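Got a few minutes to go through a fold together? Have a look at the sequence and coordinates first, then we'll take it in turns.

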Amino acid sequence: MSKLTKNKKLALSKLEAGRTYTLAEAVELVKEMTFTKFDASLDIDVRLGVDPRKANQMVRGVVTLPHGTGKQVRVLVLCTPDAEAAATAAGADYVGLDEYIEKIKGGWTDIDVIITQPAIMGKIGALGRVLGPRGLMPNPKSGTVTVDVAKAVEEVKKGKIDFKVDKNGIVHSSIGKVSFSPEAMCDNAREFINVLIKLKPATAKGTYIKSIYLSSTMSPGVKIDPKSIEA
């Protein structure tokens, strides 16, 4: 077992064993327990009452966080020449097609999101082995395969993220930075949870939101009362 650091002990001492916190209390506590020298991410983990092995209980969606993610998102747009100017004007970091496909085949993945057009997917399919494991493969369900690439770029730059429940029934996502104000942290968390609730599968039985934990990059998780978010 690794030895607890001084900061880790201090962080754990602030948590009351067995207690469930309101969202407002949790964000304040996460701020207090974060001792990193960098601006840590604000992470949320939600355990859902679904069986991801069943196709009709797979939860996947997108959410635009009201205060963004706090990260500089590097966007590559793979598109036809007629859409390049609009994509660039919308804020895309890289715009093109064949030259970037070749770069990716060579191992280049210095990007966070790839947006493309439906007509281009035939060319991108061959990149699945490179992009798939890194979560970079464009997908219509996440809005990254669209005829309006400029609008998609704007949404991603403003804080649009996609998420998917894992095999254990947990949705994990970064929803901001610890440097955000408590109000902004709460707003982002509420928006994320409200979108999850809207995506509840009709076949899911029993309690849907089983547990919610909020943490920073290196802090312990703080258990939240779901009712304090849904309100």
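Here are some questions and answers on the sheets, a few residues and the aromatic rings.

Q: Before we start, what kind of model is this, and how are residues numbered?
A: Numbering starts from 1 along each chain as its sequence is written, side-chain values use heavy atoms, with hydrogens and water left out, and local features need pLDDT of at least 70, side-chain atom pairs count only at pLDDT 80 or more, while totals for chains, interfaces and linings use all residues. As for the kind, this is a predicted model.

Q: In what order do the strands of the open four-stranded sheet run?
A: Strands here are DSSP runs of E with at least two residues, helices are runs of H or I with at least four, and both are numbered from the N terminus. Two strands pair if DSSP finds at least two bridges between them. The pairing in this sheet is antiparallel, and the order is 7-1-8-9.

Q: Which strands sit at the edges of that sheet, and what is the average twist?
A: Strand 7 (170–177) and strand 9 (222–224) each pair on one side only, which makes them the edge strands. Angles run from 0 to 180 degrees between N-to-C directions, with axes fitted to C-alpha atoms, for helices over the stretch in contact. From one strand to the next, the twist averages 25°.

Q: How many bridges join strand 1 to strand 8?
A: Strand 1 covers residues 41–48 and strand 8 covers residues 209–216. One facing pair puts L42 opposite S216 in strand 8. The two strands run antiparallel, and the number of bridges joining them is seven.

Q: Which residue is the bridge partner of L214 in strand 9?
A: Strand 8 and strand 9 form a hairpin with five residues between them. They run antiparallel and are joined by three bridges. For L214, the partner in strand 9 is V222.

Q: Why is strand 8 said to be largely enclosed by the rest of the structure?
A: Buried means under 20% relative accessible area, exposed means over 50%, and partly exposed is in between (1.4 Å probe, protein chains only). S211, which is found in strand 8, counts as buried because its relative accessible area is 13%. Strand 8 as a whole is largely enclosed because the buried residues number six of the eight.

Q: What separates the C-alpha atoms of V46 and G169?
A: V46 lies in strand 1 and is buried, because its relative accessibility is 0%. Not counting residues up to four places away in sequence, V46 touches G169, I170, V171, F192, I193, L196, I209, S211 and I212 (contact means heavy atoms within 4.5 Å). V46 and G169 are 123 residues apart along the chain, yet their C-alpha atoms are separated by 8.4 Å.

Q: Which residue of strand 5 stands opposite L76?
A: The open three-stranded sheet has parallel pairing and the order 4-3-5, with strand 4 (94–96) and strand 5 (113–116) as the edges. Strand 3 (residues 75–78) and strand 5 pair over four bridges. Opposite L76 stands I114.

Q: What angle does the direction of helix 7 make with that of strand 5?
A: Helix 4 (residues 98–105) packs on this sheet, touching strand 3, strand 4 and strand 5, and its direction makes about 115° with that of strand 4. Helix 7 also packs on the sheet, touching strand 3 and strand 5, and its angle with strand 5 is about 160°.

Q: Which side chains of strand 2 point to the buried face?
A: Strand 2 (residues 60–64) has alternating side chains. R60, V62 and T64 point to one face and are not buried. Pointing to the other face, and buried, are G61 and V63.

Q: Which residue has its backbone nitrogen 3.1 Å from a polar atom of the T146 side chain?
A: T146 is found in the loop between helix 6 (128–131) and helix 7 (149–158). Leaving aside neighbours within four places in sequence, T146 is in contact with I115, T116, Q117, P118 and A152. The backbone nitrogen at 3.1 Å belongs to D148.

Q: Which residue lies over the face of W108?
A: W108 forms one aromatic cluster with Y94 and Y100. A charge sits over a ring if NZ of Lys or CZ of Arg is within 6 Å of the ring centre and within 35 degrees of the ring normal. At 4.2 Å from the ring centre of W108, the residue is K103.

Technical notes: Rings of Phe, Tyr and Trp (its six-membered ring) pair if their centres lie within 6.5 Å; planes under 30 degrees apart count as stacked, over 60 as edge-to-face and the rest as tilted. A polar contact is a pair of N or O atoms within 3.5 Å; within protein, one must be able to donate a hydrogen and the other to accept it, and residues adjacent in sequence count only if both atoms are side-chain atoms.
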